[in-house]
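Colleague: I would like to learn how to read a model such as this one, step by step. Could we look at it together?

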Amino acid sequence: MTIFIFLVVLLGSIFLGIPVAFSLIVCSVALMFHLDVFDPQILAQNLVSGADSFSLLAIPFFVLAGEIMNEGGLSKRIIDLPMKLVGHKRGGLGFVAIIAAMIMASLSGSAVADTAAVAAMLIPMMKTTGYPINRSAGLIGAAGIIAPIIPPSIPFIIFGVSSGVSITKLFLAGIFPGILMGICLALLWAWQAKRLNLMTFSKASKQELCISFKNSIWALLLPVIIIGGFRLGIFTPTEAGAVAAFYALFVSLFIYRELKISQLYKVLVASAKTTAVVMLLVAAAQVSGWLITIAELPQQITELLEPLLDSPTMLLVVIMVAVFVIGMVMDLTPTVLILTPVLMPLIDEAGIDPVYFGVLFILNTSIGLITPPIGNVLNVITGVSKLPFDQAAKGILPYMTMLLGLLMLFIFFPALVLVPFHWLQP
């Protein structure tokens, strides 16, 4: 009965158009009445404590770093370098999109922001040079969801705080799967590009390549600093966020000089708005998470799936199918916040590595960002490319299928995630 009330009130509130954060609060109030523990003071205390976490400070820092990079010219230079490297190849702009998305992913950790930046710069060029826009938009959208996997990843921070799993370990475990995502997308695009008569650009000279590398070196140093800092244990994810924001600000103001002091207010306001949305969701989820524990929902779910506990692989398949279906109708952040406290006791009891599960879980929910009808990244691509929604969804389908196949590969071959992770651990 408790599970029924939880699902009906939560999904019913979302269906009525109530924002997800407030839907979580409504769901929490309903559970409080059902459990006969309603107390406004407890509700308020959990809301405050939900956002009161040192680890969560990494989110506003990385969001701010991403906004500064877009305004300060770092993003533009990151795209220019791959353009000089592979722009002359058949389908070169597609490879540029993938490489740029992977580099951007290692800077901000936001799929929506990275996709918007890459799409805004490359979609007009793709239209001008005769690329099929639905496939091009689909490729950029699929490449954009690498951002939640390659560190620094905002979803990994949220999952780590919700589950108690080390965020640094999650960051290190996401490096190889994120790179593999880019490689798979590049292979699929290369196969498609061979069948299309696409315009190619002239090959950049060595001098042009050197100039582009020199111009982008300051932007490219940021992921090296962040990942190197994790690997050497120099700073925590929160401290890495502060380093990223300060570094991006310094480079934008004093080296590239494209960001003016007068623009800082707009950048700070945009960062604050994005952070406020995420933090309100986290705070609201803390209330429902507390009630999920009180209502013993994880134990009830464990009892339902108990026959699968002796087969971790089949258990993961069932969980991932369920998460994929939920991800089609719910955004990434609320999906992570709602399901993490429900699933983690089950994962622990089945003896599945929590870091490994975290990578699979975030990859799955990231794919939800490009699935119709709710996918935020799919909607961004639709808006930037000015494609009808059905055409954008059709264009993204082959890449989404490829990424789902990669997810299944990770499930049946855990070593693909765990072995590189253990190599990278200090």
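Modeller: Let us begin with a term that we shall need at once: a residue counts as buried when its relative accessible area is under 20%, as exposed when that area is over 50%, and as partly exposed in between. Please keep in mind as well that this is a predicted model.

Colleague: With those cut-offs in hand, how is I42 classed, as buried, partly exposed or exposed?

Modeller: The relative accessibility of I42 is 23%, which lies between the two cut-offs, and I42 therefore counts as partly exposed. This residue is found in helix α3, which covers residues 40–51.

Colleague: Which residues does I42 touch, if residues up to four places away in sequence are not counted?

Modeller: With those left out, I42 touches M32 and W290. It also helps to compare separation along the chain with separation in space: I42 and V287 are 245 residues apart in sequence, and their C-alpha atoms are 8.6 Å apart.

Colleague: What do the corresponding values look like for V161 and V243?

Modeller: V161 and V243 are 82 residues apart in sequence, and the distance between their C-alpha atoms is 20 Å. V161 lies in helix α9, and V161 is partly exposed, with a relative accessible area of 32%. Not counting residues up to four places away in sequence, V161 touches S53, S55, L56 and I167.

Colleague: Before we go on to pairs of helices, how confident is the predictor, in terms of the mean pLDDT of the protein?

Modeller: The mean pLDDT of the protein is 83, and 96% of its residues reach 70 or more. Among the elements, helix α14 (residues 297–304) has the lowest mean pLDDT, 70, while helix α17 (residues 354–367) has the highest, 95.

Colleague: How should I describe two helices that pack against each other?

Modeller: The general idea is that two packed helices are described by the angle between their axes and by the distance between the axes. As a case in this structure, helix α7 (residues 111–128) and helix α18 (residues 376–385) pack at an angle of about 30°, and their axes are 9 Å apart. Angles under 35 degrees count as roughly parallel, and α7 is therefore roughly parallel to α18. The crossing in which α7 passes α18 is right-handed.

Colleague: Which residues make the contact of α7 with α18?

Modeller: From α7 the contact is made by A111, V112, T115, A116, A119, A120, I123 and K127, and from α18 by N376, V377, V380, I381, V384 and S385. Sorted by character, the residues of this contact of α7 with α18 divide into 10 nonpolar, 3 polar and 1 charged.

Colleague: At what angle do α17 and α19 pack?

Modeller: α17 and α19 pack at an angle of about 165°, with 11 Å between their axes. An angle over 145 degrees counts as roughly antiparallel, and α17 and α19 are therefore roughly antiparallel to each other. Their crossing is left-handed. The contact is made by Y356, L360, L363, N364 and I367 of α17, together with M400, L403, L404, L407, F410 and I411 of α19. The residues of this contact of α17 with α19 divide into 10 nonpolar and 1 polar, with no charged residue.

Colleague: How far apart are the axes of α8 and helix α10?

Modeller: The axes of α8 and helix α10 (residues 167–194) are 11 Å apart, and the packing angle is about 170°. These two helices, α8 and α10, are therefore roughly antiparallel to each other. R135, S136, L139, A142 and A143 of α8 make the contact with L185, W189 and Q192 of α10.

Colleague: Let us turn to the backbone: which two residues are joined by a cis peptide bond?

Modeller: The cis peptide bond joins P151 and P152, with omega at about 5°. P152 lies in the loop between α8 and α9.

Colleague: What is phi of R257, and where does that residue lie?

Modeller: Phi of R257 is near 55°, a positive value in a residue other than glycine. R257 lies in the loop between α12 and α13, and R257 is exposed, with a relative accessible area of 59%. K386 can be read in a similar manner: phi of K386 is near 60°, a positive value in a residue other than glycine. K386 is found in the loop between α18 and α19, and K386 is exposed, with a relative accessible area of 69%.

Key:
Residues are numbered from 1 along each chain as its sequence is written. This is a predicted model: local features need pLDDT of at least 70, side-chain atom pairs count only at pLDDT 80 or more; totals for chains, interfaces and linings use all residues. Side-chain values use heavy atoms; hydrogens and water are left out. Axes are lines fitted to C-alpha atoms, for helices over the stretch in contact, and angles run from 0 to 180 degrees between N-to-C directions. Helices (H or I, at least four residues) and strands (E, at least two) are DSSP runs, numbered from the N terminus. Angles under 35 degrees count as roughly parallel, over 145 as roughly antiparallel, 65 to 115 as roughly perpendicular and the rest as oblique. A crossing is left-handed if the near helix is turned anticlockwise from the far one by less than a right angle, and right-handed if clockwise. Contact means heavy atoms within 4.5 Å. Ala, Val, Leu, Ile, Met, Phe, Trp, Tyr, Cys and Pro count as nonpolar, Asp, Glu, Lys and Arg as charged, and the others, Gly among them, as polar. pLDDT is the predictor's confidence in each residue, from 0 to 100. Buried means under 20% relative accessible area, exposed over 50%, partly exposed in between (1.4 Å probe, protein chains only).
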